[in-house]
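The following paragraphs lead the reader through one protein structure, moving from a sheet to a helix and then to a single residue.

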Amino acid sequence: MSVTVREVLGLAAAHAGRGDLESVLSDAGNADTVELLRCYNVVENEVALDFYPVSRTQTFTPEKGIVPVTAFERQPVNVLRVTDGKGRRLPFSTAAEFVRTESGGEVEIEYTYAPEKKKVGENSEFGDKISARLLSYGVASVYLLSRGSAAEAAEWERRYREALRAAGICRRTLSVRSRRWA
């Protein structure tokens with residue numbers, strides 16, 4: 001069963017101490033609903049681009065070896081592979097406006113993409129792969145930060161990062177070496 005945006009927003013509102021917002025989530029024009037939805041879209045985009053990429057495969061017939069980006073159903077972020085009709089990998093190159101391949105026939109292109117902005121009644125881009133609880137921690141953090149509650153936001157951010165690690169999504173910690181003067 002897919003995770004719904006409404007479910008995530010309800011949990012996030014409760015985490016933020018705003019259980020009263022659950023009743024206004026159906027009102028798309030409500031300022032709090034708009035803000036929570038903005039926070040949801042920020043978190044979903046972050047998870048999709050940094051931790052758990054969402055991908056799609058489409059079939060194309062390139063013209064002179066070129067598939068324009070405008071032909072894709074979603075805006076590609078990263079092309080993962082190009083295969084011919086028999087499943088053999090083909091060499092390819094990418095540019096901002098197109099994907100170039102050496103095939104003259106039909107090709108399948110697998111690519112990752114950034115999620116489109118969601119509305120309250122829609123499903124999460126991740127289906128049931130990422131829990132509503134995990135996403136709600138991130139949404140609560142962003143929401144509280146936007147409201148000026150930095151200490152509470154930091155606590156929910158910590159829980160969000162821990163949940164990412166526990167789910168096996170956040171596998172590495174980024175670090176920057178210290179600079180040294182010669």
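How many bridges join strand 4 to strand 5, and do these strands run parallel or antiparallel? In this predicted model, strand 4 and strand 5 (residues 98–101) are joined by three bridges and run antiparallel. One residue pairing can be named: Phe-92 has Thr-101, in strand 5, as its bridge partner.

These strands belong to an open sheet of three strands, which has the order 2-5-4 and antiparallel pairing. The edges are formed by strand 2 (66–68) and strand 4 (92–94); each has a single partner strand, so one side of each lacks a neighbour in the sheet. From one strand to the next, the twist averages 20°.

Attention now turns to helix 3. For its 15 residues, a rise of 1.5 Å a residue predicts a span of 21 Å, and the end C-alpha atoms are indeed 21 Å apart. Helix 3 is mostly covered, with eleven of its 15 residues buried; among them are Leu-134, Leu-135, Tyr-137, Val-139 and Leu-144. The buried residues of this helix pack against helix 1 (5–15), helix 2 (31–51) and helix 4 (150–166). After helix 3 comes Gly-148, which has a positive phi, near 85°.

The loop between strand 6 (107–113) and helix 3 (132–146) contains Ser-124. Is this residue buried or exposed? Ser-124 has a relative accessible area of 7%; because the cut-off for a buried residue is under 20%, Ser-124 counts as buried. Leaving aside residues up to four places away in sequence, Ser-124 touches several others, including Val-3, Tyr-40, Glu-44 and Leu-135. A polar atom of the Ser-124 side chain also lies 3.1 Å from the backbone nitrogen of Phe-126.

Notes:
Residues are numbered from 1 along each chain as its sequence is written. This is a predicted model: local features need pLDDT of at least 70, side-chain atom pairs count only at pLDDT 80 or more; totals for chains, interfaces and linings use all residues. Side-chain values use heavy atoms; hydrogens and water are left out. Helices (H or I, at least four residues) and strands (E, at least two) are DSSP runs, numbered from the N terminus. Buried means under 20% relative accessible area, exposed over 50%, partly exposed in between (1.4 Å probe, protein chains only). A polar contact is a pair of N or O atoms within 3.5 Å; within protein, one must be able to donate a hydrogen and the other to accept it, and residues adjacent in sequence count only if both atoms are side-chain atoms. Contact means heavy atoms within 4.5 Å. The expected span of a helix is 1.5 Å times one less than its number of residues. Two strands pair if DSSP finds at least two bridges between them. Axes are lines fitted to C-alpha atoms, for helices over the stretch in contact, and angles run from 0 to 180 degrees between N-to-C directions.
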